[in-house]
Amino acid sequence: MSPSSHRPPAEVAAPGRAAVVLATLAVLVSAADTYVVVLALPDILTGVGVGLDQLQEATPIIGGFLLGYTATLPLLGRLADLRGRLPVLVGCLLLFALGSLLTATAVALGPAVLGRGLQGIGAGGLVPATLALVADRWPPERRAVPLGVVGAVQEAGAVLGPLAGAAVLAVSDWRAIFWLNLVLGVGLAVALRLTGPRRAGRDVVGVVCAVVAATALALQLAEPDALATDVTLGLAWVPLAGPAWSTPLVLVAVLGALGVLVRSATAAHPVLPLRGLPALAREVDVLGAVLVVVALGSLVWAFAAADPARQVVAHGPVLLPLAAVAAVAFVLHERRTAEPLLPLTELRPVAAWGALLVNVLVGVALVAALVDVPLFARATTETDQLGAALVLVELLVAVPVGAVAGGWLCRRVPPRSIAGAGMALAALAFVAMTRWDASSLDSWTSTAALLAAGLGFGLAVAPVTVVLLGVTPSRVHGSASALVVVARTVGMLVGLSLLTAIALRRFTAVVREIPSPLVSCPTSPTDCPVYDQAVDAAVLTQLHTVFTGAAVAAALAAITAVVLLRVPAPARH
């Protein structure tokens with residue numbers, strides 16, 4: 001490796017506590033946004049011109065976010081190692097804010113998908129940069145608890161996202177959700193920038209140009225009625241020539257952007273460090289970044305766009321070979337380049353690969369709970385979508401508690417024991433779920449199983465990250481943290497598609513064995529309790545199949561953790 005690959009980022013020496021707190025809040029906001037579309041998706045589709053009878057069109061909105069979130073993680077993690085954690089955090093928050101702006105103002109499907117994709121890129125980069133920032137702030141023997149807190153905050157987003165979305169929808173429309181994200185993203189970016197090292201001679205002119213350009217673009221896209229319909233102020237939205245983009249606001253935004261570019265090329269401390277881009281491009285390994293984006297992007301889209309009723313993966317003959325070829329080319333390229341995108345040579349310890357494998361299996365088991373617990377509630381009770389989500393909350397509220405507890409225990413117990421015990425507890429909870437019947441949610445035992453599963457998942461959060469960051473040097477903590485997130489996301493995508501496909505096939509096989517209503521109830525085939533009960537039983541069989549698969553994945557995660565996460569325990573206190 002060249003010396004540049006060993007140069008630590010500027011913040012490694014002394015990241016402030018305020019920066020860690022702000023970065024953790026940013027993780028919370030982005031994590032909540034990941035789940036915010038759960039309740040708002042039908043309204044979003046209607047708002048961008050897609051009818052509710054075309055729900056399959058929602059795939060690009062969800063898949064675009066996942067694609068941006070996952071495919072660019074290795075690149076963003078590497079940037080955090082090369083250029084520092086805070087610049088990446090600020091940049092990701094600004095991308096998240098831009099994506100929120102595009103989504104909030106979208107009137108067609110294309111801009112909404114683009115906006116969600118940019119939100120995904122920004123949200124994905126926040127997690128590894130924050131984990132690396134925590135590792136910079138605390139030594140190995142003291143970082144388990146703060147890592148657990150970051151993990152707890154990330155998991156809390158799954159609870160707060162749908163609830164926040166429901167609260168906003170109760171008083172406004174779906175666009176208000178993304179306007180709120182825009183305000184939070186910009187506010188956190190500014191606050192993080194202020195916590196960074198102060199530099200004399202900051203380019204005030206460049207900052208003013210950037211603010212003017214951003215404000216003009218936001219007004220052009222939002223087109224608020226109070227201003228756009230005004231006789232005088234509304235002229236700002238009237239094209240000066242033929243094309244619709246030739247409005248005064250667009251021209252002001254373009255001039256502001258040009259001002260930023262000019263100042264970036266001439267100022268001593270510009271808003272955009274464009275003069276450092278050539279050197280950064282040589283260090284980042286652009287070819288490796290392209291290959292990993294193609295590999296992860298093909299894999300993510302293959303599973304995210306699949307229809308489980310008909311297939312495990314979408315466009316499998318094209319996307320899976322493309323992902324495999326790109327992955328092989330990436331590994332061969334990384335072995336030869338002097339500045340690799342991912343620190344493959346630093347991941348040689350068995351514990352490092354064990355941590356990633358555990359997270360893949362955790363993702364497989366977790367997605368079963370996130371998807372099928374609400375489905376079970378809808379299938380066995382008369383609750384609506386919100387009521388089903390509240391059943392899932394019984395599991396989700398325990399995850400952050402387990403994450404903090406797991407971090408605290410890592411200072412006293414070997415991480416492999418904590419992760420193994422946590423996933424064993426989750427496996428036992430899923431085994432209990434395989435025995436649920438139509439009345440199980442009325443009993444306290446279902447709450448106990450859900451709480452146990454959530455606590456088990458939470459207990460595994462900190463140990464996995466502690467182990468991976470403990471066996472890799474600080475100069476690659478951004479990349480290593482990115483791999484933690486990639487592993488679990490890929491596990492969730494694979495688990496969702498595979499377990500659902502298997503369960504649907506089981507459901508179909510059971511339904512085929514049910515006698516027709518004409519046979520079961522020849523006198524009243526349209527009102528046949530026997531047939532309806534048999535179909536309900538088939539639905540339970542389908543859900544039990546998913547829970548069984550989740551139990552197997554959780555048990556494998558527990559075994560893998562105990563066997564492979566063998567590293568010296570942190571010093572006791």
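This is a short tour of aromatic pairs and nonpolar cores in a predicted model.

Residues are numbered from 1 along each chain as its sequence is written. Local features need pLDDT of at least 70 and side-chain atom pairs pLDDT 80 or more, while totals for chains, interfaces and linings use all residues; side-chain values use heavy atoms, without hydrogens or water.

Start with the rings: the whole structure holds seven aromatic pairs (Phe, Tyr or six-membered Trp ring centres within 6.5 Å; planes under 30 degrees apart are stacked, over 60 edge-to-face, the rest tilted). Select Trp 174 and Phe 178: with centres 6.0 Å apart and planes at 75°, the pair is edge-to-face. Phe 178 is buried at 1% relative accessible area (buried is under 20%, exposed over 50%, partly exposed in between; 1.4 Å probe, protein chains only).

Next, pick Trp 436 and Phe 547, also buried. Their centres are 6.0 Å apart and their planes at 75°, so call this pair edge-to-face. Now add Phe 376, Phe 430 and Phe 457, and you have a cluster linked by ring pairs.

Stay on Phe 430: along with Met 423, it has the most contacts inside the largest nonpolar core, which has 120 residues (a core joins buried Ala, Val, Leu, Ile, Met, Phe, Trp, Tyr and Cys through side-chain atoms within 4.5 Å). Show helix H15 (residues 350–380), which gives this core its largest share, 17 residues (helices are DSSP runs of H or I, at least four residues, numbered from the N terminus).

Last stop: a second, separate core of 17 residues, including Leu 45, Ala 104, Leu 109 and Phe 178.

Conventions: Helix = DSSP H or I, 4+ residues; strand = E, 2+ residues; numbered from the N terminus.
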